[in-house]
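Colleague: I would like a close look at one part of this model. Please take one residue and then work outward from there.

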Amino acid sequence: MWIEHIKMKNYRQYQDEKVVFDSPKEGKNFTVIQGDNGSGKTNLINAVTWCLYGNERHLTAKNKGLAIYNTLAPKDLKPGDKLEVCVEVQFRESDGGRIIINRSLDYKLDDNKKVVLVPDLRSISDDHSTLEMMRQIGKDMKEVKDPEFIIQKLIPEKIEEYFLFDGERLDEYFKEKSGVKIAEAVFKISQIDLLERTIDHLKAMKQDFVRDRNDLSPRVEEIQGKIDALTKTFTELDNRLKKTVGQRDEAERLELEARGRISQAPVQNIGKYEDERGELESEIGKTKTELDEMKRERVEYLATSAPIVFTIPCIRQSIELIGQSEAAGRIPPEYEPGFVKKLLKNETCICGREITKNSPEYDKVRGLLTRASPIGGLTKRLVGNAGSLEVSLQKARDLTESVTKQNGRIQNLEKRIESMEKRKGTIDALISGCDSEMIKQYEAEAQEYHQKKMQLSEEVGKLKLMVKSTESRITEMEKERNKELRNQTKYQELVSLLDFCQDALTVAIAAKAKVMEDVRREIEEQTREHFLNMIWKEKTYTNVEIGEDYNVSVKHVSGCESIGTLSAGERQVLALSFVAALNNVSGFDAPLIIDTPLGRISSEPRTKIAKALPSCFSERQVILLMTDEEYTPTVRDALKDHVSREYSIRFTEYEDGSDAKVIENA
Amino acid sequence: MVNSGTLNRRILDYIEQADASKEVQDFLKWALGFELEQAWESNPQFRKDYERSIKASTGKSGSR
């Protein structure tokens, strides 16, 4: 990839400039831009870094306080007029395609004639500038939607310092004897850091997969074993069930057959009839015994109660006679003498009338007292006997009723015996012509088969439950097995993912080790070659080594380490050699812009370095920004076969600003 | 896929010549490109992309 042109408008001292570059092919890969100190050489690098990253990385202390726009530009503006700062870099990719990157920043002149920023609110840059990119797709140039992203792929910002650099600062790598900065440079530019991150991420993924794999424990075989055992049990149970169902059906068939034979007999249920007849005979016997007993009791009863019964007419007559006598008053009333005496003593009747002594009433009551005493007992006896007679009469009546009842019961028993004997006669008539033994045998058979059928039906029910239970257990186990099978599939997938991770890790780790060693060794070789080729003290230094820890060692002819005693110019040569080696070995295809590459080199050695530079950076586009002191005629002569274009910066200073023009040398 | 032209040719060469399947080689090229893209922007979600790419490389539909 190489830079085809750099266009600058109102950028720093460049009001409107376009610097064109040639393809680095055919050996002419150098462009020299010559200018005095402060003329704008470094701002050419700044123009490129600002365009790419929105950051002027090589800004001098003097320029840091100045506005980015050219201070001459607002001179002709009226309030409200726009001032645009713009840098455009056009690249050519190795396949010939163009990439145009344009960064701009808008200002305007306000009413007070002050230049104010008009920020791009959509910008992600710190300075609110606008970045645009067009990329050649086929024959057409198309706008790129994410220019920052593409730029990071073309020249990653983190390695920019190894392509766009100030030669005078290069020796900082070797000021201290520390391999850290060197190693960092090698790792970054060789993309070993990408390999390191890939390895770290692969290790993390591997850990994740191992954890997931360990969470799965396939038990398919164990579960399948259980399913097989259950299936065997199921088959056995099912066979038993089928066999038992067959036996039950056979028992049922035999029962029906027996019942069929029974149904053809003239009497059904002969056994039942015989049983009934037996029961009837027994009952008749019992009832007859009961009847006989009852009759005996009646006789006994009659014998004991008959005299009483025979006295009934006498008792009735006596009661009548007493009643008649009483009614006729032939039986004196029953008076209590004590009571009558009390009436007489009190001279008061029970009705309250006064009974005066010696009055007729008194005498009458007194007469009652005299009469009462001889007949009182008789009256009492008569009346008492009449009561007893009534009781005796009732008893006699009860006896009659009791006998009547006994007779009723005897009659009932006799009727019952008659009824039972009638039923027995019917049964006798019914079964008299049957082969009861044969029918009984049929019935026994039917009963036996019925019982067998019932037993078998019960067993069938149990077996069906067992079969169903076994079947549902098999279904459950199959579900579990299928789950485990899915787990096993996941397990196998994880195993292959792990294997893949491991394979990738092995290659990545080996690649890292190999690339690190190759890069270190090649950088060492090339740095040594470039250094010894460029250094003007040809006999002083014999070797340059870069250790595994990336510490650089320059060997003095005496065998001593001399890195600490190198002059600034010698360190710059070492740095140039190292950067050249780094760029060549990195495999990164990006143009180089070196500001003041020979700034610290005294006049004599410059020619030697200039002669060696093309071999250090072959094929790659190299833009050298040099002062007149650096780009001496001898240097120019040394480089002439490799320089395609030469430019000079013509710098003009005004009171209110400056202007620089990049003019191609004739 | 990152333009492999932006990756170190030396690393790519080594991977292409490594004794590994083409899937592993292609995956590593993808991973390097991925890391290159993430170089200027941290990506804590690398697992998702790595897993997707590994599964695509192994032809596994994915189980996690």
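Is A:Glu17 buried or exposed, and at what relative accessibility?

Modeller: A caution first: this is a predicted model. A:Glu17 has a relative accessibility of 9%. The cut-off for buried is under 20%, so A:Glu17 counts as buried.

Now its setting. A:Glu17 lies in strand β2 of chain A, which covers residues 14–20. Its side chain makes a polar link to backbone: the partner is the nitrogen of A:Val662, at 2.8 Å. Leaving out residues up to four places away in sequence, A:Glu17 touches A:Ile6, A:Lys7 and A:Met8. On the same terms, A:Glu17 also touches A:Ala660, A:Lys661 and A:Val662. A:Val662 thus appears both as a neighbour in contact and as the residue whose backbone nitrogen the side chain reaches.

A second charged residue of chain A makes a useful contrast. A:Lys82 is placed in strand β4, residues 82–92. Its relative accessibility is 54%. Exposed begins over 50%, so A:Lys82 counts as exposed. Its contacts, again without residues up to four places away in sequence, are A:Leu77, A:Asp106, A:Tyr107 and A:Lys108. Take A:Lys108 from that list. A:Lys82 and A:Lys108 are 26 residues apart in sequence, yet their C-alpha atoms are 4.3 Å apart in space.

Those two residues sit in a chain of 666 residues, of which 44% count as buried. Chain A holds 14 helices and 15 strands. Among its contacts with a separation of 6 or more, 74% join residues 24 or more positions apart. The accessible surface of chain A is about 35900 Å². Carbon and sulfur atoms account for 49% of that surface.

Chain B is built from helices: 3 of them, with 0 strands. The order from the N terminus is α-α-α. Chain B has 64 residues, and 47% of them are buried. For contacts with a separation of 6 or more, the share from residues 24 or more positions apart is 33% in chain B. Chain B exposes about 3300 Å², with 43% supplied by carbon and sulfur atoms.

Next, the interface. Chain A puts 46 residues into the contact, and chain B puts in 35 residues. Together the two chains bury about 3600 Å². Of this, 70% is on carbon and sulfur atoms. On the chain A side, A:Lys153, A:Phe500 and A:Val507 lose the most area to chain B. Together these three residues make up 18% of what that side buries.

The polar part can be counted too. There are 3 salt bridges across the interface of chain A and chain B. One salt bridge joins the side chains of B:Arg47 and A:Asp208, at 2.5 Å from N to O. Residue pairs in polar contact between the chains number 4, with both residues at pLDDT 80 or more.

Which helices of chain A carry this side? α3 (147–154), α5 (192–215), α11 (436–534) and α12 (568–586) each supply at least two residues of the side that touches chain B. The largest share is from α11(A), with 18 residues. By type, the residues on this side of chain A divide into 23 nonpolar, 8 polar and 15 charged.

How values were computed. Residues numbered from 1 in each chain as written. Chains lettered and ligands numbered in written order. Heavy atoms only, no water. Contact = heavy atoms within 4.5 Å. Buried area = accessible area lost by both parts, 1.4 Å probe. Salt bridge = Lys/Arg side-chain N within 4 Å of Asp/Glu carboxyl O. Polar contact = N/O pair within 3.5 Å; in protein donor to acceptor, adjacent residues only side chain to side chain. Helix = DSSP H or I, 4+ residues; strand = E, 2+ residues; numbered from the N terminus. Nonpolar A, V, L, I, M, F, W, Y, C, P; charged D, E, K, R; others polar. Buried < 20%, exposed > 50% of the residue type's maximum accessible area, 1.4 Å probe, protein only. Areas by Shrake-Rupley, 256 points an atom, 1.4 Å probe, with all protein chains shown as cover.
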